[in-house]
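These are my notebook entries on one structure. I set down each matter I looked up, in the order in which I took it up.

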Amino acid sequence: MEGRFESGPKAGITLIGQPNVKEKRLDNPIAVPGMLSFLAYGTFHSGVAGLDAFPEDEWPDNIELLYYAFHVMAGLGTIFIALMAVASVLSWRGALTRTRPVLWILMLAFPFPYIANTAGWMTAELGRQPWIVYGILRTRDAASPAVHAGTALFTLIGFAGIYFVLGLLFLFLVFRELEHGPAALHG
């Protein structure tokens, strides 16, 4: 997830960069030295295993997509923390409703949790590849000959239909609340 190809101590956490799998390096990294060691082991000098500590056939299938999905998820999480801290301070001071730029940012940030959730799901699924159960069952060996393609397609369509209906219900409820407008404050 960190695009770390080499093991070693004082591992830095990379804020952004471009994984170069062919050259086994991270191009143009912006890193905070020692921070990954600290986050993983509580000390800045601890060694952190890189991809070179594992056989290449056990590496994730799509390191680039895994790297970017993780960084989108973590970056949005950092933005959420900062935005909620600012909004909380303004609310505590009674100034949130009068601070239009923050209200606009809060409103425009509504798709970010969905994006972060999807990126987190991608991180989990891509990060465990090529294993279903680490060291025991590979993804390529996990297909069941007893489950036919039609059954899988029917299940996929069913879940997509359920999520479509839930999405429509969500939009209906949101627009219904928007039509009513904000409630008057009693106090």
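**Entry 1: Val 165 and the nonpolar patch**

I began with Val 165 and asked whether this residue is buried or exposed. Val 165 has a relative accessible area of 53%, so I recorded it as exposed, the cut-off being over 50%. I note that the model is a predicted one.

I then looked up where Val 165 is placed, and found it in helix α5, which covers residues 149-180. I also checked its separation from Ala 40: the two residues are 125 apart along the chain, and their C-alpha atoms are separated by 42 Å.

Which residues form the nonpolar patch on the surface? I listed Phe 110, Tyr 114, Phe 164, Val 165, Leu 168, Phe 170, Leu 171, Val 174, Phe 175 and Leu 178. Together they have about 1100 Å² of accessible area. Helix α5 gives the most to this patch, with 8 residues.

Leu 171 is one of the patch residues, and I located it in helix α5. Its relative accessibility is 43%, and I therefore entered Leu 171 as partly exposed, the class between 20% and 50%.

**Entry 2: Salt bridges**

I next turned to charged side chains. Side chains of opposite charge can pair when their charged atoms come close. How many salt bridges does the structure hold? I recorded 5.

I took up Arg 25 and found a salt bridge with Glu 23, in which the closest N and O atoms are 3.8 Å apart. Arg 25 also forms a salt bridge with Asp 27, and here the closest N and O atoms are 2.5 Å apart. The relative accessibility of Arg 25 is 41%, which means that I class it as partly exposed.

I then examined Asp 57, which forms a salt bridge with Arg 138, the closest N and O atoms lying 3.4 Å apart. This pair links distant parts of the chain, since the partners are 81 residues apart. I placed Asp 57 in the loop between β4 (47-48) and α2 (63-92), and Arg 138 in strand β6, residues 137-138. Is Arg 138 buried or exposed? Its relative accessible area is 12%, so I entered Arg 138 as buried, the cut-off being under 20%.

Which residues are joined into one network by salt bridges that share partners? I noted Glu 23, Arg 25 and Asp 27.

**Entry 3: Aromatic rings**

I counted 5 aromatic pairs. Phe 38 and Phe 44 have ring centres 4.7 Å apart and planes at 15°, so I recorded the pair as stacked. Phe 38 is partly exposed, at a relative accessible area of 36%, and Phe 44 is likewise partly exposed, at 39%.

I then looked up Trp 131 and Tyr 134. Their ring centres are 5.5 Å apart and their planes stand at 65°, and I therefore entered this pair as edge-to-face. Trp 131 is buried, with a relative accessible area of 9%, whereas Tyr 134 is exposed, with a relative accessibility of 56%.

Where does the charged end of Arg 138 sit? I found it over the ring of Trp 131, 4.5 Å from the ring centre. Arg 138 thus appears twice in my notes, with the ring of Trp 131 and in the salt bridge with Asp 57.

Terms used:
Residues numbered from 1 in each chain as written. Predicted model: local features only at pLDDT ≥ 70, side-chain atom pairs only at ≥ 80, totals over all residues. Heavy atoms only, no water. Salt bridge = Lys/Arg side-chain N within 4 Å of Asp/Glu carboxyl O. Buried < 20%, exposed > 50% of the residue type's maximum accessible area, 1.4 Å probe, protein only. Helix = DSSP H or I, 4+ residues; strand = E, 2+ residues; numbered from the N terminus. Phe/Tyr/Trp six-rings, centres within 6.5 Å; stacked < 30°, edge-to-face > 60°. Lys NZ or Arg CZ within 6 Å of the ring centre and 35° of its normal. Patch = residues over 30% accessible without salt bridge, like charges linked within 9 Å, V, L, I, M, F, W, Y side chains within 5 Å. Areas by Shrake-Rupley, 256 points an atom, 1.4 Å probe, with all protein chains shown as cover.
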